[in-house]
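The exercises below are to be worked with the sequence and the 3D structure at hand. Each task is followed by a solution in steps.

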Amino acid sequence: RFLKMEEFFPESFRLDLEDERNAFFELCEEEQIWICKPSCSNQGRGIFLLKNPASVNTLQAKLHSTEEHLLDKRVPYKAPKARIVQRYIQQPLLLEGKKFDVRSYLLIACTVPYVLFFAQGYVRLTCVNYDAASDDLTVHLTNQHMQKKNSLYSQLKDETIWRMEHFNSYVNEKFRKTNGLPKDWVFTVFTKRMQQIMLQCFLAAKHKLDRKLGYFDLIGCDFLIDQNFKVWLLEMNANPALHTNCQVLRDIIPTVVYESL
């Protein structure tokens with residue numbers, strides 16, 4: 001069964017497309033948070049939050065000013081920098097009070113014919129407790145590159161990455177009874193949902209992929225779970241980070257690379 005977009009993907013708009021850009025600016029209301037990020041970047045580069053109407057108006061004015069400048073200079077038209085703006089999920093599930101997401105892997109092992117594999121990854125946590133109102137990006141973005149910017153990272157780095165087994169045990173202990181979850185929800189319901197979403201995204205995009213014998217790709221997929229245990233896909237990353245700067249990553253990443261090859 002195919003999922004509807006709103007079942008797994010936060011409402012998103014492309015700012016380089018005029019219709020979507022205008023739709024977003026018409027939709028914006030107070031008391032909503034949006035996250036704006038480049039569509040072809042990594043490590044949290046260029047990401048910022050739109051937390052109030054003033055920040056949205058500033059972004060709109062900046063985009064309009066860029067277009068006006070290009071028209072005045074009579075240079076060939078260039079579309080605005082490829083960015084998306086995505087509705088921010090303000091009530092994420094927390095682990096020990098900290099925001100987290102899950103990095104899992106999709107391996108397109110072959111394109112003639114298509115052969116796909118799924119691999120469990122790991123949980124990425126922030127160094128400090130979650131506060132939706134905070135202006136500190138290390139509170140909102142879980143990737144290691146961003147967490148390194150937090151002054152507590154050097155002493156907490158091994159606590160910012162959990163094995164999936166640890167995550168599963170934690171959910172069993174802390175959330176299973178109170179939320180009516182089946183035992184080992186992480187390795188059953190959650191894993192099946194991740195696979196379902198990955199497959200649907202692959203089927204939607206496969207016509208854009210180059211096909212040739214020997215072509216393969218390892219894709220990092222980031223999922224967030226909200227307080228209602230709804231699973232959201234945040235993004236899918238080509239060229240996912242393969243750093244091993246803490247013990248759990250030193251155990252997981254080489255295995256992922258070895259098994260991919």
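## Exercise 1: A salt bridge between strand 8 and helix 9

At 33% relative accessibility, Arg163 counts as partly exposed. The structure is a predicted model.

Task: find the salt-bridge partner of the Arg163 side chain, and say which parts of the chain the pair ties together.

Solution.

Step 1. The side chain of Arg163 meets that of Asp251 in a salt bridge, with 2.4 Å from N to O. This is inside the limit of 4 Å for such a pair.

Step 2. Arg163 lies in strand 8 (residues 161–163) and Asp251 in helix 9 (residues 247–260), so the salt bridge ties together parts that are 88 residues apart in sequence.

Step 3. Asp251 has a relative accessibility of 32% and therefore counts as partly exposed.

## Exercise 2: A network of charged side chains

Task: name the residues that salt bridges with shared partners join into one network, and classify Asp101, Arg124 and Asp222 as buried or exposed.

Solution.

Step 1. A search of the whole structure gives eight salt bridges.

Step 2. One of them pairs Asp101 with Arg124, whose closest N and O atoms are 2.8 Å apart. Asp101 belongs to strand 6 (residues 98–111) and Arg124 to strand 7 (residues 114–125), and the two are 23 residues apart.

Step 3. Arg124 also forms a salt bridge with Asp222, the closest N and O atoms being 3.2 Å apart. This pair links strand 9, which holds Asp222, to strand 7, which holds Arg124, across 98 residues.

Step 4. The cut-off for buried is under 20% relative accessible area. Asp101, at 6%, is therefore buried. Arg124, at 8%, is therefore buried. Asp222 is buried too.

Step 5. Salt bridges that share partners join Asp101, Arg103, Arg124 and Asp222 into one network.

## Exercise 3: The hairpin of strands 9 and 10

Task: describe how strand 9 and strand 10 pair, then place Leu224 and list its contacts.

Solution.

Step 1. Strand 9 pairs with strand 10 (residues 231–238) in the antiparallel sense, over seven bridges. Within this pairing, Met236 in strand 10 stands opposite Cys221.

Step 2. The two strands form a hairpin with five residues between them. In the turn, Phe229 has a positive phi of about 65°.

Step 3. Leu224 is part of strand 9 (residues 217–225). With a relative accessibility of 3%, Leu224 counts as buried.

Step 4. Beyond four places in sequence, Leu224 touches Ile89, Pro92, Lys99, Phe100, Asp101, Lys230, Val231, Trp232 and Leu234. Asp101 in this list is also the salt-bridge partner of Arg124.

Step 5. Leu224 and Leu234 are 10 residues apart along the chain, and their C-alpha atoms are separated by 6.8 Å.

## Exercise 4: The four-stranded sheet

Task: give the order of the strands in the open sheet, and explain why strand 1 and strand 3 each have one side without a neighbour in the sheet.

Solution.

Step 1. The order of the four strands is 1-4-2-3, with antiparallel pairing.

Step 2. Strand 1 (12–14) and strand 3 (48–50) stand at the edges with a single partner strand each, so one side of each has no neighbour in the sheet.

Step 3. On average, neighbouring strands of this sheet are turned by 25° against each other, direction ignored.

Step 4. Strand 1 and strand 4 (residues 83–87) run antiparallel and are joined by three bridges. Ser12 has Gln86 in strand 4 as its bridge partner.

Step 5. Helix 1 (residues 18–27) lies across strand 1, strand 2 (34–38), strand 3 and strand 4, and runs at about 135° to strand 1.

## Exercise 5: Cysteines and a loop residue

Task: count the disulfides, then say where Asn245 is placed and which residues it contacts.

Solution.

Step 1. The count of disulfides is zero. Cys201 is in no disulfide, and the nearest cysteine sulfur, that of Cys221, is 7.6 Å away. The cut-off for a disulfide is sulfur atoms within 2.5 Å.

Step 2. Cys201 counts as buried at 18% relative accessibility. Cys110 counts as buried at 17%.

Step 3. Asn245 sits in the loop between strand 10 and helix 9. Its relative accessibility is 16%, so Asn245 counts as buried.

Step 4. Leaving aside neighbours within four places in sequence, Asn245 is in contact with Gln144, Lys148, Tyr153, Lys157 and Arg250.

Notes
Residues numbered from 1 in each chain as written. Predicted model: local features only at pLDDT ≥ 70, side-chain atom pairs only at ≥ 80, totals over all residues. Heavy atoms only, no water. Buried < 20%, exposed > 50% of the residue type's maximum accessible area, 1.4 Å probe, protein only. Contact = heavy atoms within 4.5 Å. Pairing = 2+ DSSP bridges. Axes fitted to C-alpha atoms, helices over the stretch in contact; angles between N-to-C directions.
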